[in-house]
Amino acid sequence: MTSTVPTAAHPEQPSQSAQPAAEAELPPLTMAGPDFPFGYDDFLAHPAGLGSVPATAHGTEVAVIGGGLSGIVAAYELMKMGLRPVVYEADRIGGRLRTARFEGCGDAEGLTAEMGAMRFPPSSTAFRHYVDLAGLETEPFPNPLAPTTPSTVVDLKGKSHYARTLDDLPPVFHEVMEAWNACLEDGADFSAMQRALRERDVPKIREIWSRLVEQLDDQTFYGFLCAAPSFASFRHREIFGQVGFGTGGWDTDFPNSILEILRVVYTGADDDHESIVGGSEQLPLRLWEHAPDKLTHWPQGTSLKSLHEEGRHRPAVTRLYRTAGNRLTVTDADGAIRTYPAAVFTAQSWMLLNQIDCDEALLPADHWTAVERTHYMESSKLFVPVDRPFWLDSAVDDEGNATGRDVMSMTLTDRMTRGTYLLDDGPDKPAVICLSYTWCDDSIKWLPLDANERMEVMLRSLGEIYPKADIRSHIIGSPVTVSWESEPWFTGAFKANLPGHYRYQRRLFTHFMQDTLPEDRRGLFLAGDDISWTAGWAEGAVQTALNAVWGVMHHLGGSTDPVNPGPGDRYEELAPVELPED
């Protein structure tokens, strides 16, 4: 089987995999995972396009609420069909594709810090479609023990382990790896599912996944581990939770549904990450300004930006309700009121509960329940700019002799910093350190502290691991930080389903299929990563945007080309497992 050693179910955590030659010859994995194995990449690549609406609908305004990646992708594709998307955004285009820059530090002002998503797996094939469309470059992300990472330190219970490759780690870490692989194979048919996903063997995918959903919907990740004979050792579970097998801790995901984790490892979402050169925020910004080569109704040169007055998106939505004729009426922060035949909502779903005055008629009661049961995970980051990648210097011992090690390494620890990443663009250029990357309870610990206070705590923590590395002497600018749970218009980093939440997630994901809904509950389409089966991943944001585009098209009387059926056209064949509710 593939030696998969993942970390956490979100777009930021790393892993190592050793892929056998036989599997390398199979088609690549994609994040069109076990719940709804639709080939979004093939759908996007097909020359027939994503579909069309009747000529009488051309120029029709459609509200798109939320200017993150999902909203911008939805708006871009609706524009190509000849519709006129009206984008509402409370803050700035990009959402959690947010790239910060350092100010007041000379040459370092060109450096970037990814406050949200910063690394993306190759299995994000629909996401990659838009990266290529926007002409963006990618490069390998320096995950722990990745080939491009000079060195890694795993620091646990006050003892540090230095490694350049997996083989450099002590035997106990290999034992943890073997326990996790056995746990996946014995408890989740890992090899069979991954092969079926590669081959896009829908009957086999459904056979395996239907059984697992029924068996495991009520199981936590930690409970799944405890039930596995291979993880009988508490010591192994503790190591796996605190720092993983040399790649990153799992413990923040321990309370979540094991189904959340399986979706990630099955689809290789934890492997071979790449970052976007210059920052991920460029993607939604470029799509905002991009003029498609092929589009209906609008003249050549039309872009989302050009369709908006003065090139600006509309401000935050403050009220959303239904009006006569089953139309959707939006009030924004400027007091403007506009009415639409259809709308796409891509912001975090809790915004419908606490930031926007909403009409209960917007959604069926079961869907409101699913929104209310949404569970978000917290996340914090702290970055500092430094004068150069000093961590590549040769370390010396107390006698001044070279040790053969780097001064500092990519670091995973059970200390307060948890994950530290070293980011450079060459030996003689200013660089960036992500001093700390934390989740859930570890993130909440930082909430009372400002950026400088957080930096002081992180430097003290790292000083225990690297007593000879004078990190402070290399810092050339003020730190930048984020805690997504306290950001305006956000309620955390991303959604993560708890045990028993499968039915709620299914209601949200399938909301784009509205023919069976009462007529007075149609026309509003939910999208965004927390509507997807893989919340927190940019791929899920793109996939649900494409579902919503199909939904709007169908709602306005349009259709896809028969040679390129969309997600709604193939829904009956691919529909997610439906668990009984009685």
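Select V371 to begin; this residue is found in helix α14, which spans residues 365-372. The model on your screen is a predicted one. V371 is buried, with a relative accessible area of 0%. Now show what surrounds this side chain. Leaving aside neighbours within four places in sequence, V371 is in contact with S349, W350, L353, L363 and L508. Add L352 to the selection and draw a line between the two C-alpha atoms: V371 and L352 are 19 residues apart in sequence, and the line should read 8.3 Å.

Next, go to I239, in helix α9 (residues 234-242). Is I239 buried or exposed? I239 is buried, with a relative accessible area of 5%. Its contacts, again without the neighbours within four places in sequence, are L156, V172, F173, V176 and G244. For a distance along this part of the chain, pick V153 as well. V153 and I239 lie 86 residues apart along the chain, and 14 Å separates their C-alpha atoms.

Now select helix α4, residues 125-133. Colour A126, F127, Y130 and V131, which are buried. Turn the view until you look down the axis of α4: the buried residues fall within an arc of 150°, so they line one face of the helix. There is a general reason to expect patterns of this kind. An α-helix has 3.6 residues a turn, so residues three or four places apart point the same way.

What covers the buried residues of α4? Among the elements to display are the helices α2 (40-45), α3 (69-80), α11 (282-289) and α18 (538-555). The strands β5 (138-140) and β8 (274-276) also belong to the cover.

Keep α4 and α18 on screen and hide the rest. Two packed helices are described by the angle between their axes and the distance between the axes. Here the axes of α4 and α18 come within 7 Å and cross at roughly 85°. That makes α4 roughly perpendicular to α18. On the α4 side, the contact is made by T125, A126, F127 and Y130. On the α18 side, A538, E539, V542 and L546 take part. Sorted by class, this contact has 6 nonpolar, 1 polar and 1 charged residues.

Before leaving α4, step just past its end to G135, where phi is positive, at about 70°.

Two further residues have a positive phi, and neither is a glycine. Select E310, whose phi is near 60°. E310 sits in the loop between α12 (304-307) and β9 (317-323). With a relative accessible area of 63%, E310 is exposed. Then select C440, with a positive phi of about 50°. C440 is in helix α15, residues 440-444. Is C440 buried or exposed? C440 is buried, with a relative accessible area of 12%.

The last stop concerns cysteines. A disulfide is a covalent bond between the sulfur atoms of two cysteines. How many disulfides does a search of the whole structure find? The search finds 0. Select C183 as an example: this residue is in no disulfide, and the nearest cysteine sulfur, that of C226, is 9.6 Å away. For a disulfide, the two sulfur atoms would have to be within 2.5 Å. C183 is also buried, with a relative accessible area of 2%.

Terms used. Residues are numbered from 1 along each chain as its sequence is written. This is a predicted model: local features need pLDDT of at least 70, side-chain atom pairs count only at pLDDT 80 or more; totals for chains, interfaces and linings use all residues. Side-chain values use heavy atoms; hydrogens and water are left out. Buried means under 20% relative accessible area, exposed over 50%, partly exposed in between (1.4 Å probe, protein chains only). Helices (H or I, at least four residues) and strands (E, at least two) are DSSP runs, numbered from the N terminus. The arc is that of the directions from the helix axis to the C-beta atoms. Contact means heavy atoms within 4.5 Å. Axes are lines fitted to C-alpha atoms, for helices over the stretch in contact, and angles run from 0 to 180 degrees between N-to-C directions. Angles under 35 degrees count as roughly parallel, over 145 as roughly antiparallel, 65 to 115 as roughly perpendicular and the rest as oblique. Ala, Val, Leu, Ile, Met, Phe, Trp, Tyr, Cys and Pro count as nonpolar, Asp, Glu, Lys and Arg as charged, and the others, Gly among them, as polar.
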